[in-house]
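Here is a short report on one protein chain. Please keep the model open while reading.

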Amino acid sequence: MGKIQISWCVICFVCSLILNLLLVSDRMYVGGKWELSWSRRAAEEGEAAAAVECSGHGRAFLDGLDVDGIPECECNSCYVGSDCSQISSDCVADADSGDALFLEPFWMQNAASSAMLVAGWHRMSYEFKNQSLISSVLENQIRKLHTAVGNAVTQGRFIVFGTGSIQLLNAAVHALSQENSSVPAKVVASVPFYQNNSDSSLNFIEIVTAPNNPDGQMNKALLQGPYVKAIHDLVYYWPHFTAIPAPADEDIMLFSLSKFTGHAGTRFGWAVIKDEAVYQRMSTYVELNTLGTSRDAQLRAFKLLKVVMERSGRGIFEYGHSTMRNRWEKLSSAISVSERFSLQDIPPQYCNFFQTVRAASPAYGWLKCEREEDKECYRVLKKAGIIGRDGTLFGVGSSYVRLSLTKTQDDFDMLLHKINKLVAKEDDMQARSTM
């Protein structure tokens, strides 16, 4: 009898131990499935914010202002009111920013797979376990991504993470500059900045952006010689903005989440580098500048890339290219009937990713005011209620203005509305002149 009582005590102790382990674990096993415990509140808060109705013209965010604990709507441009249901009567079309918010609906369609809950104790250290500042699983995911898309060679290359592509650009310029040189290197980026420079003994660092911001052209390096080095900014070299005819294989190639997934606020970018010495100098620059990239940003990038890779990128790029192509076609159609304005020409091109010839889908419209009296093009558009980016900021004449096509659907619809009204005025002016 004594042995039986001891055995029951042991069984009860073991059962109690298992129950306590389940209760203090991050999840509970109830009814044949795992239930949330400590993460439940965070999940409920996230769901509550996502459920706030903003009439389809805004969003509520966990870190936004709130009323009685409920997040307020943050309205898109031109919309006001507590639920963003009212349109502003004096609204202007803001086509200045390059925010890739056109991808927001894609991420809403993939809400469950792209959601992320971060524990308060997640990656609190400066470094990962191997004393590295970069996540090895994220690095591997980036290499798989480029292989699937076919836009960059990564085999046998080094990868550096940065706080967006701007930090990496600074790191690359630092790495390519000669140490202890009495003559600093000149950093140039497309004409007209260096077209009259004929001194071949100077050190040059050429920044090559492809597709180019603002005109969407596939720029090539123009300077050659032993004193010339190049940095290739490829943040727009993705299938939603351009055809991918072949993988880029340059000495330094820069990419970022901002234009790829649309998550500009995450501030995450990466560089693919051929030369180990350059890689070491860039890594040292980033380490001394910011002690690496935020662990939270790396986690979010990893989560987003996992979603992208579910269909080898076809989901996001089919959606992205379709949206941008549609916007470009509508803007081009509106401008095509004008004698006052014109847009850049981007011919169709074969894309290895889509395995077909694909139409243009640039991030920006590079608009030119054709008339001499409209040479201050930015002012002409501003008077018509359109805010673009002045061409003088890109080193060209004031007859050009960049129009962003990447923002929300509300932003694009307002831009198109204002453009149509502006072009229609040409017909009115011609009619008056013939009376």
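## A cis peptide bond and a positive phi

Start with Pro211, which sits in the loop between E12 and E13. This is a predicted model. The peptide bond leading from Ala210 into Pro211 is cis. Its omega is near -10°.

A second backbone feature lies at Cys78, in the loop between strand E6 (73–75) and strand E7 (79–80). Cys78 is not a glycine, yet its phi is positive, near 80°. Most residues other than glycine have a negative phi, and most peptide bonds are trans.

## The six-stranded sheet

E12 and E13, which flank the Pro211 loop, belong to an open sheet of six strands. The strand order is E10-E15-E14-E13-E12-E11, and the pairing is mixed. Strand E10 (158–162) and strand E11 (186–188) form the edges, each pairing on one side only. On average, neighbouring strands of this sheet are turned by 20° against each other, direction ignored.

At the E11 edge, the partner is strand E12 (residues 204–209). These two strands run parallel and share three bridges. Val188 has Glu206 in E12 as its bridge partner. Helix H6 packs on this sheet. H6 touches E10, E11, E12, strand E13 (228–233), strand E14 (252–256) and strand E15 (269–273). The direction of H6 makes about 165° with that of E14.

## H6 against H8

H6 also packs against another helix. H6 spans residues 164–176 and H8 spans residues 276–290. Their axes are 8 Å apart, at an angle of about 130°. H6 and H8 are therefore oblique to each other. Their crossing is right-handed.

The H6 side of the contact consists of Gln167, Leu168, Asn170, Ala171, Ala172, His174, Ala175 and Leu176. H8 answers with Val278, Arg281, Met282, Tyr285, Val286, Asn289 and Thr290. By class, this contact has nine nonpolar, five polar and one charged residues.

## H5 against H9

Helix H5 (residues 136–149) and helix H9 (residues 295–308) form another packed pair, with axes that come within 10 Å. They cross at roughly 35°. Here the crossing is left-handed.

H5 contributes Val137, Leu138, Gln141, Ile142 and Leu145. From H9 come Gln298, Ala301, Phe302, Leu305, Lys306 and Val308. The residues of this contact divide into eight nonpolar, two polar and one charged.

## The four-stranded sheet

Further along the chain, four strands form an open sheet in the order E16-E19-E22-E21. Its pairing is antiparallel. The edges are strand E16 (341–342) and strand E21 (389–390), each with pairing on one side only.

E16 pairs with strand E19 (residues 364–369) in the antiparallel sense, over two bridges. Ser342 finds its bridge partner in E19 at Lys368. Helix H10 (residues 314–336) lies across E16 and E19. H10 runs at about 10° to E19.

## Confidence

How far does the confidence reach? The protein chain averages a pLDDT of 89, and 87% of the residues score at least 70. Residues 21–27 have a pLDDT below 50. Beyond near neighbours in sequence, that stretch has twelve contacts in the model.

Residues 191–199 also have a pLDDT below 50. This stretch too has twelve contacts in the model beyond near neighbours in sequence. Where pLDDT is low, the predicted coordinates should not be read in detail.

Definitions and conventions
Residues numbered from 1 in each chain as written. Predicted model: local features only at pLDDT ≥ 70, side-chain atom pairs only at ≥ 80, totals over all residues. Heavy atoms only, no water. Axes fitted to C-alpha atoms, helices over the stretch in contact; angles between N-to-C directions. Parallel < 35°, antiparallel > 145°, perpendicular 65-115°, else oblique. Left-handed = near helix turned anticlockwise from the far one by under 90°. Contact = heavy atoms within 4.5 Å. Nonpolar A, V, L, I, M, F, W, Y, C, P; charged D, E, K, R; others polar. Pairing = 2+ DSSP bridges. pLDDT = per-residue confidence, 0-100.
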